[in-house]
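Q: Please take a close look at the nonpolar core of this model and at the aromatic rings. I should like one connected account that a first-year student can follow.

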Amino acid sequence: MRKTVVFLLTLTLLLTSLGGAAFARASHYLKHYRVGLAAKGSNVMEISYSVEGTGIMAMIGAQKIVIEKKTGSAWTTQETLYGATNPEFYGNNRHAYAYAVTFTGVAGTTYRVTLTAYAANDSGSDTGTVVSTEVVCK
């Protein structure tokens with residue numbers, strides 16, 4: 001009984017410490033990937049992500065990041081950022097890669113982001129998507 005309570009408390013603490021991050025598990029190329037969104041103040045929003053491969057990947061990172069804002073009860077795309085035009089979104093010959101990028105939001109507006117993670121090696125490649133939690137810009 002005591003071990004069960006300790007386990008549940010540990011699990012609860014772990015989950016509550018994750019904040020505005022979302023995680024996903026994946027495939028033969030992608031082991032884990034996550035995306036987080038944070039309101040930094042003064043209308044600055046920070047997107048942070050990490051992608052972990054199943055081994056050393058020739059290329060690993062973010063293929064695409066979609067920034068959405070909530071309008072009423074609907075989500076509309078505000079901007080889409082592509083790895084093809086942002087080479088800093090990827091790492092080469094690595095097991096994992098993490099990066100953060102900011103954008104200017106509007107105070108009081110709710111945002112979320114969708115990460116399309118990417119990993120490739122000589123055997124092939126894969127993508128996976130994960131959506132952040134909703135965050136209000138400050």
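A: In this predicted model, the largest nonpolar core comprises 27 residues. Those with the most contacts inside this core are Leu37, Ile47, Tyr49, Ile65 and Leu115. Four strands each supply at least two residues of the core: E2 (30-41), E3 (44-71), E5 (90-104) and E6 (110-121). Of the contributions to this core, that of E3 is the greatest, at nine residues.

Ile47 may serve as an example of the surroundings of one core residue. When neighbours within four places in sequence are left aside, Ile47 is in contact with Val35, Gly36 and Leu37, with Ile65 and Ile67, with Tyr99, Ala100, Val101 and Phe103, and with Val113. Two of these partners, Leu37 and Ile65, are also named among the core residues with the most contacts inside it.

The aromatic rings form the next part of the picture. The count of aromatic pairs comes to six. One of them joins Phe89 and Tyr99: the ring centres lie 6.0 Å apart and the planes meet at 55 degrees, so this pair is tilted. An angle from 30 to 60 degrees falls between the limits for stacked and edge-to-face pairs, which is why the term tilted applies. The Phe89 and Tyr99 pair links distant parts of the chain, for Phe89 belongs to the loop between strand E4 (74-82) and E5, whereas Tyr99 belongs to strand E5, ten residues apart. The burial of each partner can also be stated. Phe89 is buried, with a relative accessible area of 1%, while Tyr99 is partly exposed, at 28%.

Tyr99 also pairs with Tyr97; here the ring centres are 6.5 Å apart and the planes are at 10 degrees, so the pair is stacked. Tyr97 is buried, its relative accessible area being 12%; this value counts as buried because it is under 20%. Ring pairs join Phe89, Tyr97 and Tyr99 with Tyr49 into a cluster. Tyr49 is, in addition, one of the residues with the most contacts inside the core.

A last residue to consider is Thr109, which is found in the loop between E5 and E6. Thr109 is buried, with a relative accessible area of 17%. With neighbours within four places in sequence left aside, the contacts of Thr109 are Lys69, Val135, Val136 and Cys137.

Note on methods
Residues numbered from 1 in each chain as written. Predicted model: local features only at pLDDT ≥ 70, side-chain atom pairs only at ≥ 80, totals over all residues. Heavy atoms only, no water. Core = buried A, V, L, I, M, F, W, Y, C linked by side-chain atoms within 4.5 Å. Buried < 20%, exposed > 50% of the residue type's maximum accessible area, 1.4 Å probe, protein only. Contact = heavy atoms within 4.5 Å.
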